[in-house]
Amino acid sequence: MLKKISRQNLIFFGGLLLFFVIVQLAISLHLLNDFWNTILRIGAVMAIVSLGLNLIYGFNGQFSLGQWGFYAIGAYTAADITYRWSNEQSSLGLTIVLFGVLLVGVAILYIRRVLSRIRGLDALSAFTIYFVASLILGIVAVYLGKLAEPVFNTVLRLLPGVVALQIVYIIAVLVAAVLAAEISFLFGLPVLTLGSDYFGIATLGFTIIVKVLLDNSDTMLGFQEMKGARGMVGIPKLTSWFWVFLFLVIVIVVMRNMLHSSYGRAIVSVREDEIAGMAMGIDVAEFKILSFVIGSLFAGLAGGLYAHINGFLHPNTFNFIKSFDPMIIIVLGGLGSMTGTLAAAFAWALLLEGVLRLVLPQGFETWRFVVYPLLLLLIMLLKSNGLFGDYELPFLRQIIPPLKKKLDPGLQTPTSTPASPSSAQKAIE
Amino acid sequence: MNETTNGRYILDIQELSMQFGGLRAVNNFSIHLEPHDLQGLIGPNGAGKTTVFNMITGVYTPSAGQICFLNENITGFESFEINQMGIARTFQNIRLFPNLNVLDNVRIAYHTHAGYSLNDAILHNRHYKNQEKELTERAQDFLAVFNLQDRQAEIAKNLPYGEQRRLEIARALAAEPKLLLLDEPAAGMNPAESSSLMDLIHFIREKFDMTILLIEHQMRVVMGICEKITVMDFGEVIARGTPSEIQSNPRVVEAYLGPGAAALSEKFRRRKVE
Amino acid sequence: MNASVAQKNPLVEAVIRRGLLGKGFLVALAILALWKLASSFMAGPTVFTQQVVNGLQLGFVYALIALGYTMVYGIVRLINFAHGDVFMVGAFASYFAIARWDLNLWLSKVFPTLPFWLSNAIGVITVILVSMVTCALLAFIIERVAYKPLRNAPRISALITAIGVSFFLEYFGALPFVFTSNFITYERPINVINWVISSQGVYVLPAGEAPPPTSIIFSNISLYIIIVSLVLLFFLNYLVQNTRIGKAMRATAYDKPTARLMGINVDGIISVTFAVGASLAGAAGVLYATAFPQLYFVMGIIPGLKAFVAAVLGGIGSIPGALVGSLIIGEAEVLSAAYISTPMRDAVAFSILVLVLLVRPTGLFGEPSREKA
């Protein structure tokens with residue numbers, strides 16, 4: 001049995017490596033032009049966002065339209081950090097977000113432990129406590145960040161420029177992801193208590209609020225470099241095929257490992273039947289938050305990666321209309337199927353951004369969004385459970401261990417066959 | 001934890017009431033269960049039996065009264081906490097995790113004592129593997145006890161009705177409770193199936209040293225296995241006693257068959273004796 | 001499992017049991033909002049009143065759209081994202097009716113002797129009816145082609161289909177030979193009359209003249225929007241509450257299988273519901289375009305979304321809820337645009353929704369639901 005599992009791992013990782021090497025070679029040898037290279041990377045980014053959403057909706061059953069908002073938060077946060085470093089030689093963005101994320105993260109974990117001992121605290125009150133604490137710590141982080149900036153600048157300047165830039169980039173992507181996760185925790189705490197559709201509407205509202213804030217990022221939030229509705233330019237283009245691929249593999253493995261554990265089963269039980277889950281000792285609220293936070297973490301991560309693909313961000317990318325894209329991807333791929341999500345994400349990028357742009361003749365570009373919904377309708381009408389249903393690749397599939405050969409002899413029911421006449425029945429008759 | 005100060009009762013419910021708007025679904029309900037008891041709760045439809053279960057397991061918060069389990073007041077606790085303290089239940093209209101396989105349905109019950117952290121799970125380290133293997137084996141043992149071992153890969157919703165019932169009981173027991181609440185376990189079973197269910201309940205009580213409270217409509221089952229029966233009607237307790245006492249209680253007959261029926265049944269009994 | 005030491009303190013205990021921290025947070029927000037409103041009013045009562053009038057006008061348009069959402073959600077539990085685009089089609093239909101066929105003036109051409117106000121009024125009603133019928137037909141086709149085959153599929157499939165239909169209507173409309181992707185100036189079906197209400201009394205503002213500084217302008221467009229909306233609302237309320245078809249709708253919304261067993265043609269009723277909702281959206285399209293005379297192929301998205309928010313805010317499935325929710329959202333939008341900042345109006349509408357849902361999870365007029373274990 002052990003050999004079989006490791007063989008599956010071998011095939012999976014070998015296949016991944018092969019895929020990576022082939023694409024990388026094609027890029028290095030200029031067989032794959034920038035257009036297709038970008039599409040592949042966008043496909044991988046969409047796969048990460050959609051896997052996160054599949055965790056929230058496909059596995060945990062919480063209908064969220066907020067994924068795109070967290071994606072936007074990740075994108076703009078990471079972009080701002082690297083922008084400041086590469087254009088202004090300043091690590092201010094990095095230090096503030098880093099300290100903020102760390103302080104708030106520690107505070108959330110600590111408050112959580114304290115609050116777990118208090119019975120009967122409603123979600124809104126808990127939210128108020130976390131919110132006030134995060135607000136205070138956020139202000140503290142701004143001061144700390146300003147203090148620490150010169151230190152960080154000096155240390156980073158000791159390194160060669162390229163290395164320093166890569167380090168700033170990776171930290172930026174990671175802290176942006178954690179920031180998105182922390183915001184999702186604060187937002188999700190009260191909002192997850194709403195019923196399924198109402199939760200969806202509230203998260204849609206979140207996406208729209210984020211978009212409005214980004215439209216006015218220069219005037220209302222005071223981030224001049226984000227340039228509000230004109231779009232942010234000058235972000236270093238650092239997301240190579242290597243980085244997206246690496247993060248995609250990490251996300252797949254983390255998600256798969258989590259789902260194949262007791263935590264994953266608890267997450268899925270919430271989707272299946274909340275009341276039965278509660279009756280089996282599962283803290284439903286806790287697991288809703290857990291999957292929402294991890295899903296948003298993936299969204300933030302994907303956002304950070306996306307920001308450094310084109311070197312250009314525009315609030316219209318984070319329009320709520322586009323927020324349906326990951327939802328479309330997971331439904332097309334099959335809810336609760338990681339394989340389906342992966343395939344659908346790449347297919348979506350190849351088709352919508354690639355093929356349809358190339359196939360449609362000059363002057364018919366607007367037809368792209370006429371053909372796309374028709375395809376969508378057709379797929380939904382023909383396969384309403386998604387293209388893959390609940391199929392999983394062997395590596396992503398949960399293996400049911402074979403039965404032990406012999407049983408504990410003391411543990412055997414008296415009634416080996418359910419319909420056999422029994423002593424109790426005889427007793428009554 | 002079992003040995004408490006006046007630890008006679010494992011479950012001690014006093015003057016429990018539940019109000020839904022203007023409707024008093026349960027009024028001044030009290031019941032006591034000693035360890036190893038097997039008690040029944042019966043009554044006509046709408047008498048408030050399931051509401052009592054829902055209050056014990058924290059689905060509803062009682063409007064008045066208190067529930068003590070192992071001498072701790074658990075009134076107002078959340079469902080999952082109550083389960084973790086040792087009360088497991090089944091549902092009137094079976095509530096399995098329909099799209100999961102049989103094995104996972106049982107393994108979910110182990111999650112609070114899985115013994116590894118989220119980090120262990122994500123890293124898939126040795127500790128995770130050992131613990132996971134152990135709990136899987138325990139779950140498979142449970143399935144074997146309930147004669148479901150060959151069904152472990154089956155999706156729960158595809159099981160036949162009787163096996164779904166057994167799986168639900170297996171899942172409840174897998175959480176290693178001290179008190180088991182069964183809500184109409186024999187509903188929809190034919191006489192042969194309900195007889196084997198009675199055997200199963202007896203077996204569970206002996207094997208796991210379980211305290212059981214059950215709601216049941218099939219009089220044959222209740223009278224056949226319960227030592228003590230509480231009868232409810234319109235949210236109130238109208239009788240309590242051994243099966244034979246209950247059978248001859250005129251108030252019970254009246255509750256089930258309507259006023260006048262008690263007198264009629266008395267007449268019939270006399271005629272039979274004569 | 002033991003309560004913490006802090007909880008033994010009766011004050012702390014009470015704060016926790018009643019959720020006072022969370023309620024305090026909400027109350028603080030409410031006080032902030034009220035204070036903002038009061039200070040805005042004190043700063044310029046006439047300007048404020050003017051904004052309230054504008055908000056009322058917008059709110060009534062939203063109410064008509066919101067009813068379509070609320071009826072469809074009530075009956076098939078589908079958030080019909082294409083509804084906003086049906087509204088857009090309604091606006092365009094009236095544009096063609098007015099600009100190409102002069103339907104708003106047809107009666108005065110046939111009977112030139114009739115007083116102009118009467119023939120114009122009948123002309124406007126004709127235009128509205130054209131839009132309503134167009135939208136009803138469109139919704140009927142959409143329902144039959146895209147939603148009906150998915151009646152037994154997972155709910156999310158229908159939602160994705162709705163999004164697909166929405167995309168299709170928008171981008172099909174954007175094609176050069178349909179509505180084009182340009183802004184189109186709308187010809188109002190009525191001539192605008194502005195009444196000035198000020199300390200000098202009420203009088204008609206002569207065309208091309210600026211209104212006096214401290215005055216409220218009330219135009220016949222507001223009047224027209226409010227009257228048409230109220231008439232349609234009463235008509236719908238009558239339809240749902242007092243007719244056989246309304247009874248069948250309510251029964252279908254409550255329990256489809258049982259309704260079918262009672263001899264109700266469930267599929268037919270669902271189609272009718274879609275058509276009725278869409279016809280109201282068509283009327284809303286005419287009203288909206290009259291108030292803001294510019295058409296665009298994605299003009300339906302934001303009003304559609306706002307109306308949906310209003311429907312949820314009022315409590316989905318409730319007709320008075322849709323009206324009250326829409327008026328709140330209309331006022332919130334106009335006031336926040338005036339006193340906070342224009343782009344923040346979308347954010348404010350959604351923030352109000354989230355906060356209201358936290359206090360009343362099924363909206364202001366929604367019936368609480370309880371799942372039975």
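Me: A residue is buried if 20 or more other C-beta atoms, placed from the backbone, lie within 10 Å of its own, exposed if 12 or fewer do, and partly exposed in between. What percentage of the 373 residues of chain C count as buried?

Reply: Of the 373 residues of chain C, 46% count as buried, and for chain B, with its 274 residues, the value is also given as 46%. Please keep in mind that this is a predicted model, in which local features need pLDDT of at least 70 and side-chain atom pairs count only at pLDDT 80 or more, while totals for chains, interfaces and linings use all residues. Residues are numbered from 1 along each chain as its sequence is written, and chains are lettered from A and ligands numbered from 1 in the order in which they are written.

Me: Is A:Asn319 partly exposed or buried, and where is the place of A:Asn319?

Reply: A:Asn319 counts as partly exposed, because 18 C-beta neighbours lie inside 10 Å. Its place is in the loop between strand 2 (312-313) and helix 12 (324-333) of chain A, where helices (H or I, at least four residues) and strands (E, at least two) are DSSP runs numbered from the N terminus. Measuring from C-alpha to C-alpha, A:Asn319 and A:Ile235 are 20 Å apart in space, and along the sequence they are 84 residues apart.

Me: How many helices and strands does chain C come to, and why is chain C as compact as a globular protein of that length?

Reply: Chain C comes to 14 helices and five strands. Its radius of gyration (taken over C-alpha atoms) is compared with the globule rule, which is 2.2 Å times the number of residues to the power 0.38; the value for chain C is 23 Å, close to the 21 Å that the rule gives for 373 residues, so chain C is as compact as a globular protein of that length. Along its principal axes, the C-alpha trace of chain C spans about 85 × 60 × 40 Å. Two residues are in contact if their C-beta atoms lie within 7 Å, and of the contacts in chain C with a separation of 6 or more, 72% are between residues 24 or more positions apart.

Me: What does chain B have in helices and strands, and why is it as compact as a globular protein of that length?

Reply: Chain B has eleven helices and ten strands. Its radius of gyration is 20 Å, close to the 19 Å of the globule rule for 274 residues, so chain B is as compact as a globular protein of that length. The C-alpha trace of chain B spans about 75 × 40 × 35 Å along its principal axes, and residues 24 or more positions apart account for 65% of the contacts in chain B with a separation of 6 or more.

Me: Which order do the three strands of the open sheet in chain C have?

Reply: Strands of a sheet pair through backbone hydrogen bonds, either parallel or antiparallel. Two strands pair if DSSP finds at least two bridges between them. The open sheet of three strands in chain C has the order 3-2-4, with antiparallel pairing. Strand 3 (201-204) and strand 4 (216-219) stand at the edges, each with a single partner strand, so one side of each is left without a neighbour in the sheet. Neighbouring strands of this sheet are turned by 25 degrees against each other on average, direction ignored.

Me: How many bridges join strand 2 of chain C to strand 3 of chain C?

Reply: Four bridges join these antiparallel strands, and C:Trp195 has C:Val204 in strand 3 as its bridge partner. Strand 2 and strand 3 of chain C form a hairpin, with two residues between them. Strand 2 (residues 194-198) also pairs with strand 4 of chain C in the antiparallel sense over four bridges, and there C:Ile197 stands opposite C:Ile216.

Me: Which order does the open sheet of six strands in chain B have?

Reply: The order in chain B is 6-7-8-3-9-10, with mixed pairing. The edge strands, each pairing on one side only, are strand 6 (87-89) and strand 10 (236-241) of chain B. Within this chain, strand 7 (residues 179-183) and strand 8 (residues 211-215) pair in the parallel sense over five bridges, with B:Asp183 opposite B:Ile215.

Me: How many residues of chain A are in contact with chain B?

Reply: 43 residues of chain A are in contact with 53 residues of chain B. On the side of chain A that touches chain B, the largest share, seven residues, comes from helix 9 of chain A.

Technical notes: Axes fitted to C-alpha atoms, helices over the stretch in contact; angles between N-to-C directions.
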